[in-house]
Amino acid sequence: MTSSTPEVFRTPEERFENLPGYGFAPNYLEVDGLRMHYVDEGPRDGRPVVCFHGEPSWAYLYRKMLPPLVAAGHRVVVPDYAGFGRSDKPTDRRWYSFDRHSDLVAKVLNAVDLHDATVVVQDWGGPIGLRWAVENADRVGALMIMNTGLFTGRVSRGFLAWRDFAEKNPDLPVGFVIQGATTTQLSDDVVAAYDAPFPTAESKAGAAQFPLLVPITEDGPGAEQMQSITDELSRWNKPALVAFSDADPVFPYPKSGQQFCELIPTAGEQVRIEGAAHFLQEDRGEQLADVLISRLAASVTG
């Protein structure tokens with residue numbers, strides 16, 4: 001999807017200096033007039049792991065998973081969507097759509113030229129990342145699905161409460177939102193790191209709009225595309241791992257994960273991540289990396 005270049009906010013680089021636990025070099029790519037950012041760590045010939053963040057987070061969310069994955073020999077790529085992290089942020093909320101997010105991140109990943117990748121998704125990373133996976137199945141070797149759904153028009157009461165909050169608070173308190181959806185007490189500097197990309201209300205247009213992009217009826221915008229992703233996953237024949245936390249009201253355990261286990265032929269039994277909330281990468285990042293390495297690596301290489 002191409003369009004005229006929108007008005008954008010570009011977060012000053014100094015906002016990203018000395019973030020706790022995050023020493024990863026930025027990588028940038030110009031896509032459709034926007035500067036898109038992605039993390040790219042580990043050996044270039046390592047088996048790729050591509051991590052898709054959700055709302056209102058950014059690549060920082062995966063900082064705890066990155067070191068153990070890299071230590072295990074993986075190349076880890078984490079793109080920031082337009083409107084998030086170090087990527088450019090169009091300031092018109094109407095600019096954002098599921099198709100546009102999907103198209104831009106696909107162009108970034110196509111430029112990186114990945115093969116036999118494990119796709120890791122959470123929250124909005126589910127629809128965007130799983131769409132990329134099924135549309136680029138020849139580049140994907142495995143899936144890891146965490147605390148997400150395929151938004152085909154049916155949503156939880158927890159999600160509706162979040163959508164209502166986001167609609168009433170367009171100047172989202174991002175760090176506060178992250179803290180409220182973790183079981184870990186975050187330090188002030190970690191909360192500030194989640195806030196770092198978003199110093200102004202206009203910089204939060206993408207974050208403010210994301211909850212409203214989730215279709216809440218079966219004929220809502222995007223629901224048809226997400227149903228087609230669901231259909232493709234029902235025929236998925238490569239390894240898939242489903243790991244959901246047990247303290248997430250948005251995607252309640254065990255029902256939300258079980259839906260993926262029943263949908264995907266290769267998913268097997270759901271892995272329960274105990275004591276973690278919605279942003280389980282923050283609460284149990286190292287454990288998730290270990291689960292990925294131990295549960296998927298053997299089946300992928302085998």
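The following is an exchange between a trainee and a mentor about the strands, helices and loops of a predicted model.

Trainee: What conventions apply to this predicted model?
Mentor: Residues are numbered from 1 along each chain as its sequence is written, and side-chain values use heavy atoms, with hydrogens and water left out. As the model is predicted, totals for chains, interfaces and linings use all residues, side-chain atom pairs count only at pLDDT 80 or more, and local features need pLDDT of at least 70.

Trainee: What is the strand order of the open sheet of eight strands?
Mentor: Strands (E, at least two residues) and helices (H or I, at least four) are DSSP runs numbered from the N terminus, and two strands pair if DSSP finds at least two bridges between them. Pairing in this open sheet is mixed. Its order is S2-S3-S5-S4-S7-S8-S9-S10.

Trainee: By what angle are neighbouring strands of this sheet turned against each other on average?
Mentor: The edge strands, each pairing on one side only, are S2 (27-31) and S10 (271-273). Axes are lines fitted to C-alpha atoms, for helices over the stretch in contact, and angles run from 0 to 180 degrees between N-to-C directions. With direction ignored, the average turn between neighbouring strands is 25°.

Trainee: In S3, which residue is the bridge partner of asparagine 27?
Mentor: S2 and S3 (residues 34-41) run antiparallel and are joined by five bridges. Among the pairs, glutamate 30 has arginine 35 as its partner in S3, and tyrosine 28 has histidine 37. For asparagine 27 the partner is tyrosine 38.

Trainee: Which residue in S5 does tyrosine 38 stand opposite?
Mentor: S3 is also joined to S5 (residues 75-79), by four bridges, and the two run antiparallel. Seven of the eight residues of S3 are buried (under 20% relative accessible area with a 1.4 Å probe, protein chains only; over 50% is exposed, in between partly exposed). The residue opposite tyrosine 38 in S5 is proline 79.

Trainee: Why does H2 count as oblique to H3?
Mentor: The axes of H2 (residues 98-112) and H3 (residues 125-135) come within 10 Å. Angles under 35 degrees count as roughly parallel, over 145 as roughly antiparallel, 65 to 115 as roughly perpendicular and the rest as oblique. H2 is oblique to H3 because their axes cross at roughly 50°.

Trainee: How do the residues of the contact of H2 with H3 divide into nonpolar, polar and charged?
Mentor: Contact means heavy atoms within 4.5 Å. Phe98, Val105 and Leu109 are among the H2 residues that meet Pro127, Ile128, Arg131 and Trp132 in H3. Ala, Val, Leu, Ile, Met, Phe, Trp, Tyr, Cys and Pro count as nonpolar, Asp, Glu, Lys and Arg as charged, and the others, Gly among them, as polar. The division is seven nonpolar, three polar and two charged.

Trainee: Is the crossing of H3 and H8 left-handed or right-handed?
Mentor: The axes of H3 and H8 (residues 223-233) come within 10 Å and cross at roughly 55°. A crossing is left-handed if the near helix is turned anticlockwise from the far one by less than a right angle, and right-handed if clockwise. The crossing of H3 and H8 is left-handed.

Trainee: Which elements do the buried residues of H7 pack against?
Mentor: In H7 (residues 205-213), eight of the nine residues are buried. Ala205, Phe210 and Leu213 are among the buried ones. They pack against S6 (89-90), H2, H3 and H4 (157-168).

Trainee: What separates the C-alpha atoms of glycine 149 and phenylalanine 251?
Mentor: Glycine 149 is in the loop between S8 (140-146) and H4, and is buried at 12% relative accessible area. Leaving aside its neighbours within four places in sequence, glycine 149 is in contact with Pro127, Phe251 and Phe260. Glycine 149 and phenylalanine 251 are 102 residues apart along the chain, and their C-alpha atoms are separated by 7.4 Å.

Trainee: Is aspartate 123 buried or exposed?
Mentor: Aspartate 123 is in the loop between S7 (117-122) and H3, and has a positive phi of about 55° although it is not a glycine. Its relative accessibility is 9%, so aspartate 123 counts as buried.

Trainee: What is omega for the cis peptide bond joining tyrosine 253 and proline 254?
Mentor: Proline 254 is in the loop between S9 (240-245) and H9 (255-263). The peptide bond from tyrosine 253 to proline 254 is cis, and omega is about 0°.
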